[in-house]
Amino acid sequence: MSKPCSPGAACLSALLAFSPLYTAVSQAANAPLTATNAADYANQLNQAELQSLLDAANTSDAALRQRASQLMERGEAVARSVYVETLGLVTPEQSAMLEQMLVQVPSSPSPSQASGLGGVSWGWIAGGALVLGAAAAAGGGGGGGGGGGGGGGGAPQPSEPVEDEEIVNEEVTLPTREVPPPPPDTSPEPPPEDDIGPAPDPGPLPGADASARLTPLPAEYEFTGGYELTYGHVAHDRGFTGANNIIAQIDSGVRTSHVELQGQIAGSYNVLTGATTEEAGQDSGNHGTHVAGILVAKRNNFGSVGYAPGAQLLNVRFTNAANEITATDQQLANGFNWARTNGARWFNNSWGIETTADEFGRLGITTYFPALLAEWQAGAQQDKVYVWATGNQGDAQPLVFAALPSLFPELTYQWVAVTSVDASGQLSAFANACGDAAAWCLAAPGSDIISSVNVSDTTYASFSGTSMAAPAVTGALAVVSQAFPTLSSAQVVQRLFFTANKDGVYANESLYGQGLLDLELATRPVGTLMLVSDSGQPLSLESASLVLGAPFGYTNPLANLQVMATDSLAAGFAVDLGQQLSLRRYRYDTSLAFERLGRSWHSETDGLHTYTWTQRGGSSQGSRVLSFDQGAGSSLSMGQIDDLDLLENGRSLAGYSQLNATLAAPYWLQQPGEQTAGMRQRLPVGQATLELTSVANALRQGASLGLNVPVGSSYRSTLEVGFLRGRDGLFDSHGEGIFDLGNTSNTMFAGLRGQFSQGKLSLAHAAYLGQSEVDAAGLLANMGPVTTSSWLLAGRYSVQDNTWGLVLQQPLRVESATSKINLATGYAGNLFDMQSVSLNLAPDGRQVNLEAFWQQPLSPTSDVKISWLGIRQPGHQASASPMQVLMTQWQHRF
C-alpha cells in the first residue's frame, strides 16, 4: 500500500519493521480484531490461563476447543483474549477454529467500532499489513505493533514513495516471567538548570574489565533486548544515565502518560500547528512512543529501560491526526529549531526519504529541503548532533538523510548514521548497510526490541527496524556526555566511534561503519591517563609510582585524594592518587634486633692508642675504631663503623638494647647494617671541646660541627649541626614519573645530645631536627624542605655486675613534606574545576618505642640478656595496633 505525496509535502517514511511478540494480522471483513477496534482491546487472561490454552493445543484440537469454551463463557472480552493471545502460538487451523468460536459469542459494537477507524489509520505506515497487539508488562497478554515506512521519493522529484518490506519475527515466543508492578516513583526532583549535579563515578582504570561484561543482565535490560551486545547496563551501573542531557525526538509523538515515560518528557511541539501543549504532542500511532522508550524509559526495575534513563526528551511530533507525514520543509525545520533553541543537544531521527544520496543528490536537498538544510547547518555550528536510521530496505547504501555529509561535508562531525544488528550481532536482514556513510556510521541492536507503545500506560511491544537501533546510539551519546562533561558533542561522537567493537565481522566498514556500539569501553579510559594541571608539564600516570621510606610511615598519605585525569581522547576520569603509591608493610625486624642485642663491646689501650671494636655474635667483627690521644686535650677517632656512638670514648647502648638506640644523628646511617668510614677530631676550646665529624661511604657523605660543653663534673652536652648528601633517595624513598624524587638528597640537621654519669647510674638523651631537599619533578616539583625529627631518652643502672636499663625513643619521622600544585579535582559545569591541591606526605601517626632490658655476665666470655619492647603506633601509623617484643639471649664467646 502506498500513498503519493501531496504537492509541496516531503515524502517521508518511518524506518520501522515490526516483529511483534504476537502476530495478529486479519484481512477478513468479519475479523474480530481489526484496525477499527484495536484501541479498545485489553488482555483478560492471566499467565496460568494462557498456559492452559497452550497445553491443551499441544494435546489436541478437541482439548483446545473444550478449554477455550470454558473461558469464552465468561464473556466477549475474555473470548477475544482467547483468540488474540494465542495467535502465532497455536497452529493456523487452531486459530481459525477459535475465530469461528469467537464469532458465535454474542457481542455489541464498541464505541470505536461504531465510529469507524477509532483513531488508528494507515497514514505514513507502508509495507503491507498493519500488525496489531501488545506485549503486556504483566507477563500474560500480548500483541504486536505495526507499520513499515511510507512516502519517500527519487531524485530530484520526491513524488513516488517506495514501500518498505514488512519484517515479521517467524520464531514467535511468549515471555514466561512475570514483570512486577512498577514501584513507586522515588526519583528526586530535577535539579535547577544551573545545577550540574555531583561529579560522576569515573568507572575503572585502564585494563581488562571482563567482570563488568560478565555481569548478568538485570530483568528490565533483558526484557528490553540488545543490551547484551552494547553493555549499556555497565555504563548505567557506573553512574552514567544521560543526566543533564536533553534529547530531541522527531517522530509521531509520544504517549507521555506511559509508566516508563512519565516525567521524562521536557516539552512537546507539533510542527503542523505550532502548539506546545502535551496534548499536541501525543502519539498519532505507536512509532514515537516505542522510540521514546528506547531513549529514556525509566530505570525502575520494571518493564523496559532506555539507553539514557536520566535524560530529558523534547518531543517533536510531525504527523497529522491520521498518522500521516504531511509537514512541509519549513514546518519540519521549525520543529528542529524549536528543539534546538530549547536546549536539545542530540536529535534522534528514525525516519527519512526512501532514496539514496546518490539518487537524490545535492540539488535535490537544496531544492526540496532548503529550510531543513539551513537549520541543520546552524545546529552543526552550535555543536548539535543529528542521529539517523539508515533504513530498512536491506540495501548496501543508507537513505539520503543518513548519508547527508557525503553531499554536505560540513556536517560530517555532527552526524551519525545507525544500522541495525540482530540478537546474534549480525547485520539485520532488513537493515541498510552503512555504505557511503561508513565514516560516521555505527551499528546497534534493532531487532526484536521491546519498548513502550501507545496502547495503554503499561503496554509494551517488540518492534524491529533501524528505527530501534538509532535511539540506542542517541541515548549512548547522552550517557557518554554525562560521563565526560568537558567533551564537545563532536568529541563524544568520536569517542563512540573509537571505542566501538571493530573485531571480526565488525571490521567490515561497508556494513558496520565504525563498528558495534560498546558503552562499556566508551565509559572507561582509552590509552594513557594524564593529570589535568596548569603546570605546563605532561603528567602521565602510565609509569607513576612512589615508594616511601620508613620515616614517611606505612600508611598511604595520599589515600582518597581524588584528582582528574584525561585519557588519549580527552575524556576526564577521577583517579585516586593514593593508588599510585606502593606501600611497604611495616615489619619489626627481629633478626636484626636480635643481632643488635647480641653485640659485645671490647676495648684495648696501648699507651696513647685505644682500639675499640664490637662483635656480632661469635667471632663476627662489627665496628672497629682506633683513637689517638694527641695531647693538650686533642684526640682523633677513626674507623669502620655501623654506629657512630663508637666514635665516643665511652661505651654506648650497643649490646644492651635491641633497638637502634644511638645518641648520634640518625641521618648518618639509614640502611640496616650499613658500614661507613667515620672520623671525629676533638679540639679543646677553653673548657669546651670542638668536635669535627665526617663520614663517607658509597651511599652518603657528610660532615658536622659539634660543641661539647661540660656542666659540672657529671654531665656533658653536645650541640651539633651538620650536612649530609645521600644518593639512595630521600630516606630510602623512590619515585618515578609524576612522583620523581630523584636519587640525591641534601640534608641539614641540628641536634642536642648529652650524657650524665654518677656512680652506677648513667643517663643519656638526644634530639635532632633535619631539613632535606630533593631535586623532584612532576607533582613533587614544588615540594619544599622535608622536615624530620627523632629523639631518645635512655638510662642504665649497674649493680653487682647486673645492668638494668630503660630506653624511650621516637625513631626518625617526617614532620612535614608538602607539595602544592594546581590540579583539576572535579567538574564545574562542563569545565574542569582547577584547585590548589596540597600533597602532604607526612605520616598520620608517631611511633614511640619503650624498652626495658637486663644483662648479667656469667663469665668473662658469656652472659645472659633479656629485653622487653613495647611499640606504640608502629610504622608511624595512627591506626596500627601496639606491638610487644620479648627477647632472651644467652651468649658464649670463644
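Student: Before we look at Ser 600, what does buried mean here?

Tutor: Buried means under 20% relative accessible area. The model in front of us is a predicted one.

Student: Where does Ser 600 lie, and is it buried or exposed?

Tutor: Ser 600 lies in strand β18, which runs over residues 599-606. Its relative accessible area is 7%, so Ser 600 is buried.

Student: Which side chain does the Ser 600 side chain meet in a polar contact?

Tutor: That of His 602, at 2.9 Å.

Student: And which residues does Ser 600 contact once neighbours within four places in sequence are left aside?

Tutor: There, Ser 600 is in contact with Trp 613, Thr 614 and Gln 615, and also with Gln 891 and Arg 893.

Student: Let us move to Gln 809. Which strand holds it?

Tutor: Gln 809 is placed in strand β30, residues 802-816. With a relative accessible area of 9%, Gln 809 is buried, because that value is under the 20% limit.

Student: What does the side chain of Gln 809 reach?

Tutor: The side chain of Gln 809 reaches the backbone oxygen of Asn 660 at 3.2 Å. Asn 660 also appears among the contacts of Gln 809 beyond four places in sequence, together with Leu 659 and Ala 661. The other contacts in that list are Trp 791, Leu 792, Gln 847, Val 848 and Asn 849.

Student: Changing topic: how many disulfides does the structure hold?

Tutor: The structure holds one disulfide. Cys 434 and Cys 441 form it, with their sulfur atoms 2.0 Å apart.

Student: What is its handedness, and why?

Tutor: The disulfide of Cys 434 and Cys 441 is left-handed, because the torsion about the S-S bond is about -65 degrees.

Student: Are those two cysteines buried or exposed?

Tutor: Cys 434 and Cys 441 are both buried.

Student: Now the helices. How far does α2 reach?

Tutor: Helix α2 covers residues 61-72, 12 residues in total, and reaches 16 Å from its first C-alpha to its last. That is close to the 16 Å expected at 1.5 Å a residue.

Student: Which residues of α2 are buried?

Tutor: Leu 64, Ala 68, Leu 71 and Met 72 are buried in α2. They cover an arc of only 90 degrees around the axis, which puts them on the same side of α2. An α-helix has 3.6 residues a turn, so residues three or four places apart point the same way.

Student: Which residues are exposed on the other side of α2?

Tutor: Ala 62 and Gln 66 are exposed there.

Student: What follows α2, around Arg 74?

Tutor: Arg 74 lies in the loop between α2 and α3, the latter being residues 76-84. Arg 74 counts as partly exposed, at 46% relative accessibility. Leaving aside neighbours within four places in sequence, Arg 74 is in contact with Gln 44 and Glu 49.

Student: How many residues of α10 are buried?

Tutor: Helix α10, residues 287-296, is mostly covered, with 10 of its 10 residues buried. Among them are His 287, His 290, Ile 294 and Val 296.

Student: Finally, what does the protein chain come to overall?

Tutor: The protein chain has 18 helices and 35 strands. Of its 894 residues, 55% are buried. About 35400 Å² is exposed, and carbon and sulfur atoms supply 54% of that area.

Student: What share of the contacts between residues at least 6 apart in sequence join residues at least 24 apart?

Tutor: In the protein chain, that share is 70%.

Conventions: Residues are numbered from 1 along each chain as its sequence is written. This is a predicted model: local features need pLDDT of at least 70, side-chain atom pairs count only at pLDDT 80 or more; totals for chains, interfaces and linings use all residues. Side-chain values use heavy atoms; hydrogens and water are left out. Helices (H or I, at least four residues) and strands (E, at least two) are DSSP runs, numbered from the N terminus. The expected span of a helix is 1.5 Å times one less than its number of residues. Buried means under 20% relative accessible area, exposed over 50%, partly exposed in between (1.4 Å probe, protein chains only). The arc is that of the directions from the helix axis to the C-beta atoms. A polar contact is a pair of N or O atoms within 3.5 Å; within protein, one must be able to donate a hydrogen and the other to accept it, and residues adjacent in sequence count only if both atoms are side-chain atoms. Contact means heavy atoms within 4.5 Å. A disulfide is a pair of cysteine sulfur atoms within 2.5 Å. Accessible areas come from the Shrake-Rupley method with a 1.4 Å probe; for residues, only the protein chains shown count as cover.
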